[in-house]
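User: I should like to learn how to read the sheet, the helices and the nonpolar cores of a model. Could we take them in turn?

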Amino acid sequence: MRIAYILYDDHTLLDFVGFYDPVSRLHSQGFLPDLAWHLCGTKATIHDNFRLHIAIDRVTPNLAAYDLVYVPGGFGSRVLQQDEEFLTWLRTAGGVRHLVSVCTGSLLLGAAGLLTGKRATTHFNAYDTLAPYVAEVVHERIVTDGNCITGGAVATSLDLGLHVCELLVGKDAAAAVRHSMNYA
């Protein structure tokens, strides 16, 4: 199982880390010993919305090589919706087993055409922005439609990570991950 975490300037760090923490525990706790991941972006170093700099593992890799592609949200997503170079790269994820986003990350999947005909959600202040990209905007925390899983606002990232844990390894393992996080 290989995961690509798509990071970009001005993403919301909690959108990334809230998902990353429970999912990475699948490896450290032995539920998915072959789990591997890369931080992927369009340049070698990016920064979150508070200017924390993060080193990128892979610059614009072919995302088709991954099983799961995860896109966090943040104010940087607004600019990238119009960035054809970024969207062309994101489209290489079109055939992956799981496309996952939280918050306004769904706007990027939508702008890349990866949510066409799908039901999806996003941050509650961006429902109208998401509407042109999807068949239906759903006002729920987590929405699954085919291979796409979208989550709502920033705090949803943790629940989304646990949801994906359950999808990948089952309810008992996801419960063990939840317990190890002391998350009720």
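**Reading the sheet and its cores**

Analyst: The model is predicted. Let us start with one pair of strands: β10 and β11 (residues 148-151) run antiparallel and are joined by four bridges. Within this pair, I142 has G151 of β11 as its bridge partner.

User: What holds strands together in general, and what is the order of the strands in this open sheet?

Analyst: Strands of a sheet pair through backbone hydrogen bonds, in either a parallel or an antiparallel manner. Here seven strands form an open sheet with mixed pairing, in the order β5-β2-β1-β6-β7-β11-β10. The edges are β5 (58-59) and β10 (142-145); each has a single partner strand, so one side of each lacks a neighbour in the sheet.

User: Which strands does helix α1 lie across, and which does helix α6 lie across?

Analyst: Helix α1 (residues 13-28) lies across β1, β2 (36-41), β6 and β7 (98-102), and runs at about 165 degrees to β1. Helix α6 (residues 156-169) lies across β6, β7, β10 and β11, at about 160 degrees to β7.

User: How should the nonpolar cores be read, and which residues have the most contacts inside the largest one?

Analyst: In soluble globular proteins, nonpolar side chains tend to be buried together. The largest nonpolar core here has 30 residues, and I6, L63, V69, F86, L90 and L99 have the most contacts inside it. At least two residues of this core come from each of β1 (2-6), β6 (68-71), α3 (84-90), α4 (105-111) and α5 (127-130). A second, separate core has 28 residues, including L7, F19, C103 and I149.

User: What is L90 in contact with, beyond its neighbours within four places in sequence?

Analyst: With those neighbours set aside, L90 is in contact with I6, L63, V71, L108, L109, A112 and L114.

Definitions and conventions
Residues numbered from 1 in each chain as written. Predicted model: local features only at pLDDT ≥ 70, side-chain atom pairs only at ≥ 80, totals over all residues. Heavy atoms only, no water. Core = buried A, V, L, I, M, F, W, Y, C linked by side-chain atoms within 4.5 Å. Buried < 20%, exposed > 50% of the residue type's maximum accessible area, 1.4 Å probe, protein only. Contact = heavy atoms within 4.5 Å. Pairing = 2+ DSSP bridges. Axes fitted to C-alpha atoms, helices over the stretch in contact; angles between N-to-C directions.
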